[in-house]
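Student: I should like to be guided through a structure that is new to me. May we proceed by question and answer?

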Amino acid sequence: MKKKLIVGLGNIGDKYTNTRHNIGFKILDEVAEEHNVSFETEKLGDIASYRFKGRTFILLKPSTFMNLSGKAVKYWMDKEKISIENILVVTDDLNIDFGTIRLKAKGSDGGHNGLKDIQEKLCTNKYPRFRFGVGANYSKGRQVDYVLGEWNKEETSLLIERLPLSAKVITSFGTDGLANTMNNYNNK
């Protein structure tokens, strides 16, 4: 299929813009900037699209808040007639060291409420996902504060390199497929 739906998970609103939980939005912003496209507010999210090497990439930043992301994903999959293997959900992951990239074809939600909602709405956990490590540098009981906290100075400087790499991952997914992308980028 030549159409790809790339979903960046995050929360809408200025207070969430630079938080760890919004890395999905941040990565999609990087992709949109590289391809010189802008997001427009549409039903259940902000959408941008572009063509590259004969493929159409549809970028979705759901406006449903993180924990209700499944509704937006299902709506845009149905509207654009995109099958599940042609979506890629981009999200933060506490269980992976900061900046580490991990792609999977399926898996559990890992305690991530956005992934949990997508799994419920799609009735499967078999959909491609791109997990960006945010690390687990928080004390017991402070997980929510950590993911909703802003990037520290060191993380911010490292994102300058990690965001363009993440954009390459998305391009690779759309042009080279999931298996090749996993081989080339996992754990980088």
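The following exchange concerns a predicted model.

Student: Is T91 buried or exposed?

Tutor: T91 has its place in strand β5, residues 87-93. Buried means under 20% relative accessible area. The value for T91 is 0%, so T91 is buried.

Student: With which side chain does the side chain of T91 make a polar contact?

Tutor: Leaving aside residues up to four places away in sequence, T91 touches several residues, including L9, I23 and F132. The polar contact of its side chain, at 3.3 Å, is with the side chain of D92.

Student: How far apart are the end C-alpha atoms of helix α1?

Tutor: Helix α1 comprises 12 residues, 23-34. At 1.5 Å a residue they should span 16 Å. The distance in the model agrees with this, being 17 Å.

Student: Which residue of helix α1 meets K61 in a salt bridge?

Tutor: K61 belongs to strand β4, and its partner lies 32 residues away. K61 is buried because its relative accessible area is 11%, whereas the partner is partly exposed at 33%. The side chains meet at 2.7 Å, N to O, and the partner of K61 is D29.

Student: How many residues apart in sequence are E155 and R20?

Tutor: The side chains of E155 and R20 meet in a salt bridge of 3.1 Å, N to O. E155 lies in helix α5 and R20 in the loop between β1 and α1, so the pair ties together parts of the chain whose separation in sequence is 135 residues.

Notes: Residues are numbered from 1 along each chain as its sequence is written. This is a predicted model: local features need pLDDT of at least 70, side-chain atom pairs count only at pLDDT 80 or more; totals for chains, interfaces and linings use all residues. Side-chain values use heavy atoms; hydrogens and water are left out. Helices (H or I, at least four residues) and strands (E, at least two) are DSSP runs, numbered from the N terminus. Buried means under 20% relative accessible area, exposed over 50%, partly exposed in between (1.4 Å probe, protein chains only). A polar contact is a pair of N or O atoms within 3.5 Å; within protein, one must be able to donate a hydrogen and the other to accept it, and residues adjacent in sequence count only if both atoms are side-chain atoms. Contact means heavy atoms within 4.5 Å. The expected span of a helix is 1.5 Å times one less than its number of residues. A salt bridge is a side-chain nitrogen of Lys or Arg within 4 Å of a carboxyl oxygen of Asp or Glu.
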